[in-house]
Amino acid sequence: MPTIVRAGEAIARTLVAIVWFVMPFDTSPLARFAFVGEVFEWRGPAPFFFVAVPTDCVDEVRYAARIASYGWGVVPVHAVVNEIPFTTSLFPKGDSYLLPVKAAVRKTGSINLADRVTVEIQITAKRDFDEQRPTI
């Protein structure tokens, strides 16, 4: 019987994750915007891929960050890149912000260095962000 319960729990967790990814953002966002940007690489201990937030969206991010940021200027976001949804955080860089594009997103969307991608970003209050995360 324990095997059935564990399998049921795994199925339930998977369903929660699937529902979370397909559900529309149902909280009032602090900021929501879309743009097209180019994927670039930042070499550090490991390569990371980012899309820069355009300068005309930076003030909106800064305003929302006053409520949503969890420190160091980092802002948690719900992002969609080429129709692939995921959660991440914007990183401040100079007078702008960078959106990291996760390896799983790049692989799923066949996104490569220097590709132009369509990006949607939604910033919500921290409590709303945490409530929308799947508990897996």
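This passage walks through a predicted model of one protein chain, from its overall layout down to single side chains. Local features are described where the pLDDT is at least 70, and side-chain atom pairs count only at pLDDT 80 or more, while totals for chains, interfaces and linings take in all residues. Residues are numbered from 1 along each chain as its sequence is written, and side-chain values rest on heavy atoms, with hydrogens and water left out.

Confidence comes first. The pLDDT (the predictor's confidence in each residue, from 0 to 100) averages 80 over the protein chain, and 72% of the residues score at least 70. The weak spot is helix H1 (residues 2-22), where confidence is lowest at a mean of 43, whereas strand S6 has the highest, at 98. Over residues 1-26 the pLDDT sits below 50, and this stretch has 19 contacts in the model beyond near neighbours in sequence. A contact here means heavy atoms within 4.5 Å.

As for the layout, the protein chain has 4 helices and 6 strands. Helices (H or I, at least four residues) and strands (E, at least two) are DSSP runs, numbered from the N terminus. Read from that end, the elements go α-β-β-α-β-β-β-α-β-α. Of the 136 residues, 38% are buried, where buried means under 20% relative accessible area, exposed over 50% and partly exposed in between (1.4 Å probe, protein chains only). Among contacts between residues at least 6 apart in sequence, 65% join residues at least 24 apart.

Next come the strands, which count as paired if DSSP finds at least two bridges between them. Strand S1 (residues 31-43) is joined to S6 (residues 116-123) by 8 bridges, and the two run antiparallel. Along this pairing, Glu-38 stands opposite Arg-116, and Ala-34 has Glu-120 as its bridge partner. S1 also pairs with strand S2 (residues 47-52), again in the antiparallel sense, over 5 bridges. A hairpin of 3 residues links S1 to S2, with Arg-43 opposite Pro-47. S6 has a further antiparallel pairing, with strand S3 (residues 75-81), through 4 bridges; there, Ala-79 partners Ile-121.

Two residues of S1 show what surrounds this strand. Phe-35 lies in S1 and counts as buried because its relative accessible area is 8%. Leaving out residues up to four places away in sequence, Phe-35 touches Val-51, Ala-52, Val-53, Pro-54, Val-117, Thr-118, Val-119 and Ile-121. The C-alpha atoms of Phe-35 and Cys-57 are 9.0 Å apart, with their positions 22 residues apart in sequence. Val-39, also found in S1, is buried because its relative accessibility is 0%. Beyond its neighbours within four places, Val-39 has contacts that include Phe-49, Phe-50, Val-51, Ile-111, Leu-113 and Val-117. Val-39 and Arg-116 are 77 residues apart in sequence, yet 6.4 Å apart in space, C-alpha to C-alpha.

Helix H2 (residues 55-68) has 14 residues and reaches 19 Å from its first C-alpha to its last, close to the 20 Å expected. That expected span is 1.5 Å times one less than the number of residues. Buried residues in H2 are Cys-57, Val-58, Val-61, Ala-64, Ala-65 and Ala-68. Arg-62 and Asp-59 are both in H2 too, 3 residues apart, about one turn of the helix. An α-helix has 3.6 residues a turn, so residues three or four places apart point the same way.

Finally, the charges. The structure holds 2 salt bridges, each defined as a side-chain nitrogen of Lys or Arg within 4 Å of a carboxyl oxygen of Asp or Glu. One joins Arg-62 to Asp-59 (3.7 Å, N to O); Arg-62 is partly exposed at 37% relative accessibility, and Asp-59 is exposed at 59%. In the other, Glu-41 meets Arg-43 (3.5 Å, N to O). Glu-41 is partly exposed, with a relative accessible area of 25%, while Arg-43 is exposed at 65%.

Arg-106, in helix H3 (residues 103-109), has no such partner. Arg-106 is buried without a salt bridge, and the nearest side chain of opposite charge, Glu-41, is 7.8 Å away. For charge, Lys and Arg count as positive and Asp and Glu as negative, with His and the chain ends not counted. Outside residues up to four places away in sequence, Arg-106 touches Phe-49, Val-101 and Ile-111.
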